[in-house]
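Got the viewer open? Let's take a short walk through this model, one selection at a time.

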Amino acid sequence: MRGPAIIGAFLLVLTSAARAQFPSWYLPHNQVQPTVTSAVSLDPATGDFLYVYTVANGAGAQQRLAELYMDLKTQISSATAPTDWEVLADPAGGTVVWGASGPVDLAWTELHPLDPPSHASEIAPGATRTGFSLRSPCAGTGPVTFFARGYNHEAQPPQTDANADSAPAVPQWRTDAVSGQTLGPGDCSTVRDWGNRRPGVDGFLGVVNFVSGDALPGGVPVTVQVRFSRSGETVLPATFHAVLNSQDVTAQFVTSSRGDRVAVFPPGAAPLKSGRNVLLLSVDGIVPGTTHQATDSDRFTFTLP
Amino acid sequence: MRPFGGRLLFLLAGLAACSPDRPVNLQPTPANGDILRLIEEIGFRGPVAIVTATPIEDGHRRATKRSLMVPPAQRDAFGAALRAHPAAAARLTLALQQADEITDPNLIDSLNNTRRDSLQVLVAPSILNRPASAGGPVENLVQFSLEFLDIDPNGNIFFVPGGDIDSLLLMARINSAGHYHGSSLLEDTLPRRVGRFDPRTGSFTTSFQTTWHVPEFSQEINHTIRLTERGGPNDGQTRFFFNVFPYASRVTGLHRIPPGGATYVRTGGTTEHPEDFNDWAVQPLIDAIVSFATAYNQARGDVVRVNDLSLFFGGRFDVGRASTVNGVTVLTPCHEGDLQSCWGNANGHQEHRLGTEADLNLTTNTLLNRAGFYRLLLSHFQSVYPEGNHWHVRDAASIYNPPR
């Protein structure tokens, strides 16, 4: 039986509209006012991090919000979308896209044979949808960037003079979106801090998603991802022990699908505290080249607003 | 019959038969006087043009390279001289610094294209529509300095003191760089296809200076010189020189997207730009297309049609001439003998020169597929827009992306 899922707090994320100059023929997609709030928890079935997003479109938006893109630098296990939305994601990572789907808006007429349709499920100005989720074995290593786009027809560049030599100045699509940052999985391919105690045993245990001394953002859950065995050392996972600000939190760690020990600590509640937080982690293992058992005990700190 | 192409093949075949040595490419050293002595040593007694070429790409001067040109009728004699004097020939070969055999991964059409190490000049094509944000239009150049050797009536080799260049002619090698069209003499020498010399004629003392304005097209190009000597022992005599190994304008480093299987198909090949040569690109774009096609196929079960990327040596891709009549855009494909639709008067492909753009389409155009196709395009490429009956996409490295 894995440990209980821990629900994180919601996060309000500010967004910014691009201020690009578009060609006169171009039909923009950035007339939306997205607000993305996120929650992170641990999936009790897999031990992986579950990121759930709620998307609102401000009342002053000029377009219905039709697509949400998120640039990720890591793999995900799965993704889901709310009813009449779809998610298109590559398990290897890259950009995840959620798009309105389901019934096509009855008022929509196509501009040309490639024109993508408008859907009735798009988020209207002043409305909110939730249920956009990602499941990943990776904790957050920092904010991830999203791009929200409103529905508009896809304009064809005008046919220029028959002897023209210019290529159409079609903007990069991320320029034609409203971007922002939110919580999401980061790159967990490497351990960022193996501690600094004894060379022979420091490889027993390390922290994947932050470096000791990091300042972490406030108002959001603190995620911790611990990895064993830097160079193939024999480690005794049952001896793993974790103390956060003098409180034993070992039981709050579960094993993820990739074998890491992971935990999520809600913001604004003990044992987290404002200012300097101290996380003591330890695990036993066999000293390389010997039969001796030793303990890798590392002290990691982070600060919160 | 293709008059110049046929002649070129004959000449190259003749050279290969007469000379076992590789092309006569010279490094910046030795000096031209040393070359004269080396030619004396191998016992060759005929006119020789010493060509010093300095490419200037995007304003950057590259290493100077020297090469020899001989009259077509003297090629056999030149080869025989090399064979008759192996020791001297070896020293000449050493002095000429022959390149090792290098397999050019892009050389997929060996009948119509020359390996990189056998080119006398290799330069990137010009890009006259490069946007200001990427540096503005670029015309690449090759500066040539020509000196000439000849034989006086006593059989002594000497430097031609001066003369008149009556003509400098550039000729495309037929079917090179994936352009399987344009075999007429008019198209063979079309400046938009092969570039131009400036000046093309003129008088000179000691050496003649001229500049090759490199075309936008990737091509293999041959060069002839007609010289009338002024002063010296052969005053008034005319000599004709032909480069024995060609020049080339090429984009290097492109790869062909592999066969797609279940997720995409390669398409768009024509008689003029065959399928084997129209789907080459930089590796990041290929990776993105493969990833995109896999994701789209998994999401919709449909197959991506991968149309034109770039030709295998890049350069301008004259797919045809687009025109709009009564609001409907029609493409007249480039075809043999149609100068309006080929070699620059076409606006079918303004991009597709550097392997950083692609034309993609879905196979089954339902509204559901269309939406998924579009969203996955955005998640895999930097710029995406509908272009006629397909989507045009740009890789992050495309010079045609406006700045963010």
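Start in chain A by selecting strands 13, 20, 19, 15 and 16: in that order, these five strands form an open sheet with mixed pairing. (Helices, H or I of at least four residues, and strands, E of at least two, are DSSP runs numbered from the N terminus; two strands pair if DSSP finds at least two bridges between them.) This is a predicted model, where local features need pLDDT of at least 70 and side-chain atom pairs count only at pLDDT 80 or more, while totals for chains, interfaces and linings use all residues. Residues are numbered from 1 along each chain as its sequence is written, and chains are lettered from A and ligands numbered from 1 in the order in which they are written.

Now pick out strand 13 (214-215) and strand 16 (247-248) of chain A, the edge strands, each pairing on one side only. Strand 16 of chain A runs antiparallel to strand 15 (residues 235-244) of chain A, and two bridges join them. Click Val243(A): its bridge partner in strand 16 of chain A is Asp248(A).

Next, show both chains. Their contact takes 33 residues from chain A and 34 residues from chain B, with two residues in contact if their C-beta atoms, placed from the backbone, lie within 7 Å. On the chain B side, helix 8 of chain B gives the largest share, nine residues.

Last stop: Thr363(B), in the loop between strand 21 (357-362) and helix 8 of chain B. Leaving aside neighbours within four places in sequence, Thr363(B) is in contact with Asp302(B), Val303(B) and Arg305(B).
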